[in-house]
Amino acid sequence: MPTQRYWLMKSEPNVYSIADLQRDSRTCWDGVRNYQARNFMRDDMQVGDGVLFYHSNAKPMGIYGLAEVVRESYPDHTAFDTSDPHYDPKSDPADPTWMMVDVGYVGMFKEPLPLITLKQTPGLEHMLVIQRGSRLSVQPVTPDEWQIVLGLGELTT
DNA sequence: GCCAACGTTGGC
DNA sequence: GCCAACGTTGGC
């Protein structure tokens, strides 16, 4: 039985929001074009892993809900689609550069957990998302951080 | 809208 | 292999 891991995944809500995930039940996490983020998805994510769903460029920006990994990594087909904004001509379909996972909806916080709150919460000092200049869109979260974050909000489905 | 931080690209 | 230029992210 593999150890469950925890993650934080960023999305701009005007592109794809937690409400979109609630509506869709699950989605493929396409469009990641950063090697470090890809490596986490490709090498470390397992079905059942917990995901903090973060809204960037939002009011307020912060954690809006929970998701879970429901499918392990497979090629991101949008990299082969010339009409897709994330098209990457260097990604060979026979040896894809970019991978994605599928995530499923778990729940939404009644009130989002704003970034500013996370910054003020003891025990979260080392979360990557609160570090200045942190641009990683898929990042690991420790079990302790996960528990603290869940204690900050009230979840609804 | 601004711009700091960061990752990537490409000339050398 | 270095590093300046560039483009993007994303908080403010």
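Two strands count as paired if DSSP finds at least two bridges between them. The legends below describe close-up views of a predicted model.

**View 1. Strand β3 and its pairing with β1 and β4.** Strand β3 is joined to β1 (residues 6-11) by six bridges, and these two strands run parallel. Six bridges also pair β3 with β4, here in the antiparallel sense. Val51 of β3 can be followed in both directions: Trp7 has Val51 as its bridge partner in β3, and Val51 in turn has Ala67 as its bridge partner in β4. Strand β3 is mostly covered, with six of its six residues buried. Gly50, Leu52 and Tyr54 point one way from the strand, whereas Val51, Phe53 and His55 point the other way, and all of them are buried.

**View 2. The loop between β3 and β4, with its cis peptide bond and positive phi.** Most residues other than glycine have a negative phi, and most peptide bonds are trans. The loop shown here departs from both tendencies, through Asn57 and through the bond from Lys59 to Pro60. That peptide bond is cis, with omega near -10°, and Pro60 is placed in the loop between β3 (50-55) and β4 (62-75). Asn57 is found in the loop between β3 and β4 as well. In this hairpin, which has six residues between the strands, Asn57 takes a positive phi near 50°. Because the relative accessible area of Asn57 is 61%, over the 50% cut-off, this residue counts as exposed.

**View 3. The protein surface around DNA strand C.** The residues surrounding DNA strand C are Lys10, Tyr54, Ser56, Asn57, Met61, Leu115, Lys119, Ser134 and Arg135. Divided by class, this surface has three nonpolar, three polar and three charged residues. Sugar or phosphate contributes 75% of the atoms of DNA strand C within 4 Å of the protein, and bases contribute the rest. Phosphate oxygens of DNA strand C are approached by side chain and backbone: a polar side-chain atom of Lys119 lies 2.8 Å from one, and a polar backbone atom of Arg135 lies 2.7 Å from one. Asn57, the loop residue with a positive phi of about 50°, also places a polar backbone atom 3.4 Å from a phosphate oxygen of this strand.

**View 4. The protein surface around DNA strand B.** Tyr35, Lys90, Arg132, Gly133 and Arg135 surround DNA strand B. Of the atoms of this strand that come within 4 Å of the protein, sugar and phosphate account for 70%. One nonpolar, one polar and three charged residues make up the surface near DNA strand B. Arg132 brings a polar side-chain atom to 3.1 Å from a sugar or linking oxygen of the strand. Arg135 is listed around DNA strand B and around DNA strand C.

**View 5. Salt bridges and a positive phi around helix α1 and strand β2.** Asp20, Arg23 and Asp24 are linked in a network of salt bridges. Within this network, the closest N and O atoms of Asp24 and Arg23 are 2.8 Å apart. Asp24 is partly exposed at 31% relative accessibility, whereas Arg23 is exposed at 58%. Ser25 occupies the loop between α1 (18-24) and β2 (26-28) and has a positive phi of about 70°, although it is not a glycine. With 47% relative accessibility, Ser25 counts as partly exposed.

**View 6. Salt bridges between distant parts of the chain.** The whole structure holds seven salt bridges, among them one between Asp102 and Arg26, whose closest N and O atoms are 3.2 Å apart. This pair connects strand β5 (residues 99-114), which holds Asp102, to strand β2, which holds Arg26, across 76 residues. The partners differ in exposure: Asp102 is buried, with a relative accessible area of 8%, whereas Arg26 is partly exposed at 44%. Another salt bridge joins the side chains of Lys110 and Glu154, at 3.1 Å from N to O. Here Lys110 belongs to strand β5 and Glu154 to the loop between α4 (143-152) and β7 (155-156), 44 residues apart. Glu154 has 49% relative accessibility and therefore counts as partly exposed.

Conventions
Residues are numbered from 1 along each chain as its sequence is written. Chains are lettered from A and ligands numbered from 1 in the order in which they are written. This is a predicted model: local features need pLDDT of at least 70, side-chain atom pairs count only at pLDDT 80 or more; totals for chains, interfaces and linings use all residues. Side-chain values use heavy atoms; hydrogens and water are left out. A residue is near a molecule or strand if one of its heavy atoms lies within 4 Å of it. A polar contact is a pair of N or O atoms within 3.5 Å; within protein, one must be able to donate a hydrogen and the other to accept it, and residues adjacent in sequence count only if both atoms are side-chain atoms. Ala, Val, Leu, Ile, Met, Phe, Trp, Tyr, Cys and Pro count as nonpolar, Asp, Glu, Lys and Arg as charged, and the others, Gly among them, as polar. Helices (H or I, at least four residues) and strands (E, at least two) are DSSP runs, numbered from the N terminus. Buried means under 20% relative accessible area, exposed over 50%, partly exposed in between (1.4 Å probe, protein chains only). A salt bridge is a side-chain nitrogen of Lys or Arg within 4 Å of a carboxyl oxygen of Asp or Glu.
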